[in-house]
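Q: Please take a close look at one helix packing in this predicted model. I would like a connected account of how the two helices meet and what lies around them.

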Amino acid sequence: MEYSQKVMEHFTDPHNVGKIEDADGVGEIGNAKCGDIMKMYLKIENDIIVDAKFNTYGCASAIATSSMATDLIKGQPVSEALKLTNKAVVEALDGLPPVKIHCSVLAEQAIKAALADYYTRQGIDPASKGIVIKDDDEIDACSV
Amino acid sequence: MRMIYADNAATTAVSAHVLQEMLPYYSEQYGNPSSLYAFGQTAHRAITKARGQVAAALGTTEREIYFTSGGSEADNWAIKGAAALGKAKGKTHIITTTIEHHAVLHTLDALKKEGFTVTYLPVYENGICRVEDVAAAITDETCLVTIMYANNEIGTIQPIGEIGALCRQKGVLFHTDAVQAVGHIPVDVQKDQIDLLSLSGHKLHAPKGVGALYCRKGIRLPNLIEGGAQESGRRAGTENVPGIVGLGVAITDAVAAMDENAKKLSVLRDKLLDGALQISHSRVTGDRTHRLPGHCSLCFEGVEGESLLLLLDAKGVCGSSGSACTSGSLDPSHVLLAIGLPHEVAHGSLRLTLSDDTTPEDIDYILSVLPPIIDRLRAMSPLWEHILEAEAQGKKLY
């Protein structure tokens, strides 16, 4: 198994690491037993994601996908961020080894979870925006 | 950038002396040992010499040493062979431990499909099995006990002599996978009353692709590989002459330097373990003292092993881990789970295994790069945050 140069760049020098104390949406996905947890923080103004940060516990691809996913949604309208797919994250990283694809799903889901939190805080049902958060088991296929 | 190779349990460098002794058998002395002319017989004599060297290192005679392609083949041959002998007598029960190498565990899985039953003995928190558990598990149906000499992941040394004595007394064949032990700690098949022993060359500065099986005289194991009359007709295939020569030299060198190396390595090992334990929420996996001289295995809470390895690699340090991401499966290593570690802790495993080339400066260097890497990973780890939050409330997560 070998990572692309892009993955290694985003792993060794990840973008957007940290927290946003006054975030408008926070989402956490994954679990420690499976070996990866991603937590995303979003700052949203006028429906535009003005800042995105993450904290991730996990392997190199978990950190790299978190970095890339936050890069991809920064500056985007919420409606665009909702369309972010794991596939887009994988492509932006020049591919992931097959056993690591689930990391990109976690990244997509973590952003969706943060956006769901953003809507919930405004009294809007995330489901009405088409946000579906998968179970950890489904994402990770981890034998919990 | 300097590279510090600290993964000697995975493989070792071929030593200069070993390579020098091997080289003629690639070019000038390339004869087939089975050929009758003198040119072939030169190669044959080289094999005979190496067989004597391996036998001497194990405290036995050369007639009981069979060269193989490595440790896995020797394990397969010993276990499948002993199982076949047992089955012929109607005995289909095998005893092993939960921390064996996959060459043993997967071979046993295959036998279970053929109707064998397998008892997996626990190893407790210190990673060592108990001879009384072996005694309690032996029944009239038991045809084989297979227990590794020393563990590859946590370095713990098993009570092989006591188990050997018990098996001999009970009349049950005893096999040990001694791949991590031979050349590193004293192994004597007579004293330990071992019937079958597997060893591998590349763990002791011989090349990859060569190993050996010790099979006590009188045990007629069925062949694993059929063909020509090599290895007294018991293991076919034209011999890997340079590899066998290398194994003979390497094992002789390893035994000659064993006491000195063990003394030096255990000092370096303890220095590294003590230094790494200065990092908070860290622990040694497996018994602290009853372990291989150059073997360090640890877990760091709140970090994941693959990330840790890759950041160490970026600093020139080669190590390994039993995390799920590095084991290529969804679960962390079966050995780490067998000693009772929760998944969450086992994911943060690190194994650093030293060799006689390792210097005190290497240990200093590792101890200078490791803490900042752990700090960096923890600073971005939600799991670490959960651990600290729980502690602030007086709870310990793991």
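A: In this predicted model, helices α2(A) and α5(A) are oblique to each other, because their packing angle is about 40° and an angle counts as roughly parallel only under 35 degrees and as roughly perpendicular from 65 to 115. The first of these helices covers residues 60-73 of chain A and the second residues 101-121 of chain A, and their axes lie 9 Å apart. The crossing in which α2(A) passes α5(A) is right-handed. On the α2(A) side, the contact is made by Ser61(A), Ala62(A), Thr65(A), Ser66(A), Ala69(A), Thr70(A) and Ile73(A), and these meet Cys103(A), Ser104(A), Ala107(A) and Ile111(A) of α5(A). Sorted by class, the residues in this contact are 6 nonpolar and 5 polar, with no charged residues.

One of the α2(A) residues named above, Thr70(A), is also in contact with Asn16(A), a residue placed in the loop that runs between α1 (5-12) and β1 (25-31) of chain A. Asn16(A) has a relative accessible area of 10% and is therefore buried, since buried means under 20%. Its side chain makes a polar contact, at 3.0 Å, with the side chain of Asp71(A). Leaving aside neighbours within four places in sequence, the residues in contact with Asn16(A) also include Ala52(A), Lys53(A) and Phe54(A), as well as Ser67(A) and Lys74(A).

How values were computed: Residues are numbered from 1 along each chain as its sequence is written. Chains are lettered from A and ligands numbered from 1 in the order in which they are written. This is a predicted model: local features need pLDDT of at least 70, side-chain atom pairs count only at pLDDT 80 or more; totals for chains, interfaces and linings use all residues. Side-chain values use heavy atoms; hydrogens and water are left out. Axes are lines fitted to C-alpha atoms, for helices over the stretch in contact, and angles run from 0 to 180 degrees between N-to-C directions. Helices (H or I, at least four residues) and strands (E, at least two) are DSSP runs, numbered from the N terminus. A crossing is left-handed if the near helix is turned anticlockwise from the far one by less than a right angle, and right-handed if clockwise. Contact means heavy atoms within 4.5 Å. Ala, Val, Leu, Ile, Met, Phe, Trp, Tyr, Cys and Pro count as nonpolar, Asp, Glu, Lys and Arg as charged, and the others, Gly among them, as polar. Buried means under 20% relative accessible area, exposed over 50%, partly exposed in between (1.4 Å probe, protein chains only). A polar contact is a pair of N or O atoms within 3.5 Å; within protein, one must be able to donate a hydrogen and the other to accept it, and residues adjacent in sequence count only if both atoms are side-chain atoms.
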